[in-house]
Amino acid sequence: MIVPLELTCLTKVFPTPSGPFIAVKDVNAMIDAGEFVAVLGHSGCGKSTVLSIIAGLQRATYGGVVIDGTEATEPGAERAVVFQSPCLLPWLTARQNVLLAAAQRATRHSRRENAATADRYLEMVGVADIAQQLPAELSLGTQQCVSLARALSVEPRFLLLDEPFSMLDSLTRFELQDTLLRVWEESGKTVVMVTHDIDEGLYLADRLILMTDGPGATVGDVLQVPFARPRNRAAVLAHPQYHVCRRHVIDFLEHHAHQSRPSALDDLLESLSCG
Amino acid sequence: MSSLALMRRLWRPQAPTVRHLPELGRAVGIPLLTILVFLFAWSQVAPSIDTSLGQIPGPMAVWQQTQNLWAEHQAERGRAAAFYAREAQRNAERLAQDPTAAITTLTYTGRPTYVDQIVMSLMTLFTGFVLASLVAIPLGIVCGLSTTVNAGINPFIQIFRPVSPLAWLPIVTMMVSATYVSDDPMFAKSFITSAIIVSICSLWPTVINTAMGVSSIDRDLMNVAKVLRLNWTTTLIKVVIPASLPQIFTGLRVSLGVGWMVLIAAEMLAQHPGLGKFVWDEFQNGSSDSLGRIMVAVFTAGIIGFLLDRMMMRVHRLVDYRAACGRQSDCRLRLQSGRS
């Protein structure tokens with residue numbers, strides 16, 4: 001069976017003056033079409049490195065990313081990324097930013113079709129009214145919405161989110177989580193989201209991939225989120241399983257994420273034998 | 001009183017009186033005061049220095065020469081106008097007598113006036129400046145994008161940047177003489193020589209600033225360009241150039257200033273009509289007015305240089321996307337109501 005998105009023995013080693021530093025090691029995961037997966041771990045454990053390898057911005061040292069049975073080492077039109085900061089081009093209006101992405105879709109379209117696509121996604125994330133404004137005139141939350149619209153405009157199959165809401169205040173974050181959930185339900189994309197917010201992961205994802213601490217971070221545990229879809233926040237919070245799941249994750253992050261590890265050299269040799 | 005106490009008294013800052021001056025007074029009054037002090041000191045010192053061209057002119061003598069130069073300019077314009085009027089009248093009369101008569105029109109060939117020379121200087125400056133920018137901006141962008149190219153170009157930047165325009169002059173003159181051969185040249189050789197020297201010397205600030213601007217583009221923005229798979233030209237036009245435009249214009253502003261400074265020397269030696277040649281001619285002329293006229297040229301060069309810099313500052317602000325928000329006074333308001 002061909003898996004839409006598969007991580008096999010994903011390992012990233014950074015050369016440093018004091019020898020190789022293994023950021024992530026042997027990350028294995030299979031992600032189904034239309035699934036919402038959240039990667040959860042402590043800050044700096046290497047979650048973002050994994051995402052950036054999936055996005056094609058970095059190359060894995062060993063192992064890699066397999067999409068539909070083919071290894072992916074470069075950015076592609078079937079993947080789109082929303083970064084931690086909105087990263088909109090400051091000299092373009094919100095609409096021009098989204099338009100730039102719409103023109104980069106896998107298949108070529110006319111100028112008018114691109115404009116229609118851009119407008120559709122601006123509408124979908126609910127920021128059509130500010131389309132003509134420059135990013136500097138918008139709040140951070142609105143900018144991140146535009147950034148989401150930009151990613152959607154590429155019409156990717158995979159949406160990669162790198163702690164997209166971590167810079168927002170909690171009320172705006174709730175609002176954007178709802179927007180994301182709605183967009184995901186409407187569009188049926190496969191989502192991989194990196195986060196360090198447990199509640200966010202439980203509310204949004206089908207599955208939580210829990211990462212151990214770096215160096216040599218790897219998949220420590222996988223948690224199937226039991227809440228029924230479509231979800232609403234109140235129902236999720238009131239669900240009898242909610243606190244069980246939450247305690248499970250916290251327990252993992254507090255006690256099992258830090259594991260004593262052999263030396264960096266042993267790790268390297270071990271990872272060599274893995275591939 | 002001990003010397004220490006005296007020093008302490010002398011060093012005591014005079015802040016209270018300054019603080020009581022209103023803002024406007026400080027912005028206008030103090031420069032005005034220093035200018036008056038300067039003029040006074042100048043007028044006191046100048047007559048005490050005797051040169052072979054007479055006394056060093058004081059402020060009044062320089063002002064007198066400014067008026068003279070303006071009057072000469074007006075007189076020359078008057079002569080030109082009279083020449084063309086005479087010619088038109090002559091032609092009209094000739095046509096009245098014989099409608100088939102051949103009409104000759106001549107161009108008035110008077111001496112270039114002081115104002116003409118300023119205009120010529122500015123034209124040479126802009127030619128050299130545009131030439132320099134056409135080379136420097138692309139070169140800077142390539143250097144900024146590629147550390148390999150930068151490593152290759154850097155020695156040349158470091159070695160050629162400090163070279164005086166005077167050192168380039170003989171080489172450029174000979175090269176222009178050897179390569180620009182034409183029976184009916186569109187430009188004077190001295191013009192090309194001056195313009196090229198201006199470009200060679202004003203190239204470097206733009207190259208360096210552009211390279212700096214490009215290499216310091218936010219990595220996140222370059223990552224966006226990568227994940228969107230923008231091709232090279234789109235990345236250049238949509239990301240690299242807009243992002244480094246403020247820095248490019250910082251470089252251009254410095255370059256224009258350097259170019260203006262270099263131009264006076266270049267014109268002086270290449271004998272191309274302009275402020276530099278005016279100074280040199282007056283120096284060779286050696287009349288009792290010469291020093292006064294040269295001083296007029298010095299102040300003209302200073303004021304024009306200042307105005308050019310102001311102009312570039314304005315343009316710089318226009319292209320700076322970081323200032324785009326500040327230009328709109330209601331920006332802060334919109335920032336608050338942005339999330340609706």
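**Group meeting: a walk through chains A and B**

Hi everyone, let's start with a hairpin in chain A: strand β1, residues 5-16, pairs with strand β2, residues 19-31, in the antiparallel sense over nine bridges. Two residues sit between β1(A) and β2(A) in that hairpin. For one concrete pair, look at A:Lys12, which stands opposite A:Val24 in β2(A).

A word on what we are looking at. This is a predicted model, where local features need pLDDT of at least 70, side-chain atom pairs count only at pLDDT 80 or more, and totals for chains, interfaces and linings use all residues. Residues are numbered from 1 along each chain as its sequence is written, while chains are lettered from A and ligands numbered from 1 in the order in which they are written.

My terms, for those who like cut-offs: helices (H or I, at least four residues) and strands (E, at least two) are DSSP runs numbered from the N terminus. Two strands pair if DSSP finds at least two bridges between them.

Back to the sheet. β1(A) also has strand β4, residues 62-67, as an antiparallel partner over five bridges, and there A:Leu7 has A:Val65 as its bridge partner. Put together, four strands of chain A form an open sheet with antiparallel pairing, in the order β2-β1-β4-β5. Which strands stand at the edges? They are β2 and β5 (70-71) of chain A, each with a single partner strand, so one side of each is left without a neighbour in the sheet.

Now to another strand of chain A, β9, residues 207-211. Four of its five residues are buried, so β9(A) is largely enclosed by the rest of the structure. Buried here means 20 or more other C-beta atoms within 10 Å of a residue's own; 12 or fewer is exposed, in between is partly exposed, and the C-beta atoms are placed from the backbone. β9(A) pairs in the parallel sense with strand β3, residues 36-40, over four bridges, with A:Ala38 and A:Leu208 as bridge partners. β9(A) also pairs with strand β10, residues 219-224, in the antiparallel sense over five bridges, and A:Ile209 stands opposite A:Val222 in β10(A).

A:Ala38 comes up again with A:Leu204, a residue of helix α6 (residues 198-204) of chain A. Why does A:Leu204 count as buried? Because A:Leu204 has 25 C-beta neighbours inside 10 Å. Leaving aside residues up to four places away in sequence, A:Leu204 touches A:Phe36, A:Ala38, A:Gln177, A:Leu180, A:Leu181 and A:Met193. Contact means C-beta atoms, placed from the backbone, within 7 Å.

On to where the chains meet. 26 residues of chain A are in contact with 21 residues of chain B. On the chain A side, β6 (79-82), α2 (94-102) and α4 (140-153) each supply at least two residues. By class, that side has 18 nonpolar, six polar and two charged residues. Ala, Val, Leu, Ile, Met, Phe, Trp, Tyr, Cys and Pro count as nonpolar, Asp, Glu, Lys and Arg as charged, and the others, Gly among them, as polar.

Chain B has 14 helices and two strands, and buried residues make up 28% of its 340 residues. Its division is into domain 1 (17-46), domain 2 (54-111) and domain 3 (114-321), with bounds from an automatic or database domain assignment. The C-alpha centres of domain 1 and domain 2 of chain B lie 42 Å apart. Four residues of domain 1 of chain B are in contact with five residues of domain 2 of chain B.

Let me finish with two helices of chain B. How many residues of α8(B) are buried? It is 24 of its 27, which leaves α8(B) mostly covered. Helix α8 (residues 189-215) of chain B reaches 39 Å from its first C-alpha to its last, close to the 39 Å expected at 1.5 Å a residue; the expected span is 1.5 Å times one less than the number of residues. α8(B) has a kink of about 35° at B:Ser202, shortly before the proline B:Pro205. The bend at a residue is the angle between axes fitted to the seven residues ending there and the seven starting there.

Helix α7 (residues 165-179) of chain B also has a kink, of about 25°, centred on B:Ile171. In α7(B), B:Pro165, B:Trp168, B:Val172 and B:Val176 are buried, and what covers the buried residues of α7(B) includes α8 and α10 (232-270) of chain B. Thanks, all!

Methods: Two residues are in contact if their C-beta atoms, placed from the backbone, lie within 7 Å.
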